[in-house]
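Here's a quick look at a small question: what sits inside this fold, and what sits outside? Have the model open while you read.

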Amino acid sequence: MMNDYIDEEIIVHPIHGMQLSEGYIRKDIAKGFLGCLPGLVPSVGKTREEVLMRLEQEAKEYYGDDVVVEIAPHAVAV
């Protein structure tokens, strides 16, 4: 059975620092975007950028003002 959503991994880290946490943003075809990080309230929105912004604001309140939330980079094997 196929799911109606696509997951993208996101990470939280201080600027120029090591990863503190990871979560996901899920695009549900019927409902928009949902983003989750452990220990924080899930965020919903119409766009991925809107959800990233909301999650980053929550992460700043929890971890401090020097953190960023971004889509995780993925290494590609050659």
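What follows walks from the overall layout to the core and then to the surface.

Keep in mind that this is a predicted model. The protein chain has one helix and five strands, and from the N terminus on they come in the order β-β-β-β-α-β. So much for the layout; a few chain-wide numbers are next.

| Property of the protein chain | Value |
|---|---|
| Buried share of the 78 residues | 32% |
| Contacts with a separation of 6 or more that join residues 24 or more positions apart | 32% |
| Exposed area | about 5700 Å² |
| Part of the exposed area supplied by carbon and sulfur atoms | 58% |

Now for the inside. The largest nonpolar core is made up of twelve residues: Ile10, Val12, Ile25, Phe33, Leu37, Leu40, Val51, Leu52, Leu55, Ala59, Val67 and Val69. Which elements give two or more residues to this core? They are strand S1 (5-14), helix H1 (48-63) and strand S5 (67-71). Helix H1 gives the most, with four residues.

Helix H1 also turns up on the outside. Leu20, Tyr62 and Tyr63 form a nonpolar patch on the surface, and together they have about 320 Å² of accessible area. Of these, Tyr62 lies in helix H1. Why does Tyr62 count as exposed? Its relative accessibility is 56%, and exposed means over 50%, so Tyr62 makes the cut.

Key: Residues are numbered from 1 along each chain as its sequence is written. This is a predicted model: local features need pLDDT of at least 70, side-chain atom pairs count only at pLDDT 80 or more; totals for chains, interfaces and linings use all residues. Side-chain values use heavy atoms; hydrogens and water are left out. A nonpolar core is a set of buried Ala, Val, Leu, Ile, Met, Phe, Trp, Tyr and Cys residues joined through side-chain atoms within 4.5 Å. Buried means under 20% relative accessible area, exposed over 50%, partly exposed in between (1.4 Å probe, protein chains only). Patches are made of residues with over 30% relative accessible area and no salt bridge: like charges are joined within 9 Å, nonpolar side chains (Val, Leu, Ile, Met, Phe, Trp, Tyr) within 5 Å. Accessible areas come from the Shrake-Rupley method with a 1.4 Å probe; for residues, only the protein chains shown count as cover. A salt bridge is a side-chain nitrogen of Lys or Arg within 4 Å of a carboxyl oxygen of Asp or Glu. Contact means heavy atoms within 4.5 Å.
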